[in-house]
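Good morning, colleagues. I should like to take a few minutes to introduce a structure that is new to many of you. Please look at the display as I speak.

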Amino acid sequence: MRKHALLSVALLLAVASSNAPAHALTQDELVAKIEAAGYSKVSDIKSTAEGTTAKAVKDGKQVRLVIDSSGQIKQRD
């Protein structure tokens, strides 16, 4: 019975940690991620309630980006 309880706790901890968000990116890592997505001239990086926001250039046009907690980059016009 005790082995079963310990196994259950270990399993719960493993599941909980696998759902935990990845560590926060440093500013340099964030800029690299944005540039890898095809943007350049990344600037004005801020943390907001919406997520991390930034300005960048894509196809010669300045755009506003929102990076959510899962790391997804979304362009806002």
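**One helix and its surroundings**

On the other side of helix α2 from its buried residues, D28 and A36 are exposed. Please keep in mind that this is a predicted model.

Which residues of α2, then, are buried? Within this helix, which spans residues 27-36, they are L30, V31 and I34. Viewed down the axis of α2, the buried residues fall within an arc of 100°, and therefore they line one face of the helix. In general, an α-helix has 3.6 residues a turn, so residues three or four places apart point the same way.

What covers the buried residues of α2? The cover includes β1, β2 (51-58), β3 (61-67) and β4 (73-76). After α2 comes G38, with a positive phi near 100°.

I turn now to the interior. The largest nonpolar core has ten residues in all, among them L30, V31 and I34, together with Y39, V42, A54, A56, V63, L65 and I67. At least two residues of this core come from each of α2, β2 and β3. As for I67, its contacts beyond four places in sequence are L30, I34, G51, T52, Q72 and I73.

Finally, let us consider K41, which lies in strand β1, residues 40-48. Is K41 buried or exposed? K41 has a relative accessible area of 66%, and because exposed means over 50%, K41 counts as exposed. Beyond its neighbours within four places in sequence, K41 is in contact with K55, A56 and V57. The C-alpha atoms of K41 and K58 are 8.8 Å apart in space, while the two residues are 17 residues apart in sequence.

Conventions
Residues numbered from 1 in each chain as written. Predicted model: local features only at pLDDT ≥ 70, side-chain atom pairs only at ≥ 80, totals over all residues. Heavy atoms only, no water. Helix = DSSP H or I, 4+ residues; strand = E, 2+ residues; numbered from the N terminus. Buried < 20%, exposed > 50% of the residue type's maximum accessible area, 1.4 Å probe, protein only. Contact = heavy atoms within 4.5 Å. Arc of directions from axis to C-beta. Core = buried A, V, L, I, M, F, W, Y, C linked by side-chain atoms within 4.5 Å.
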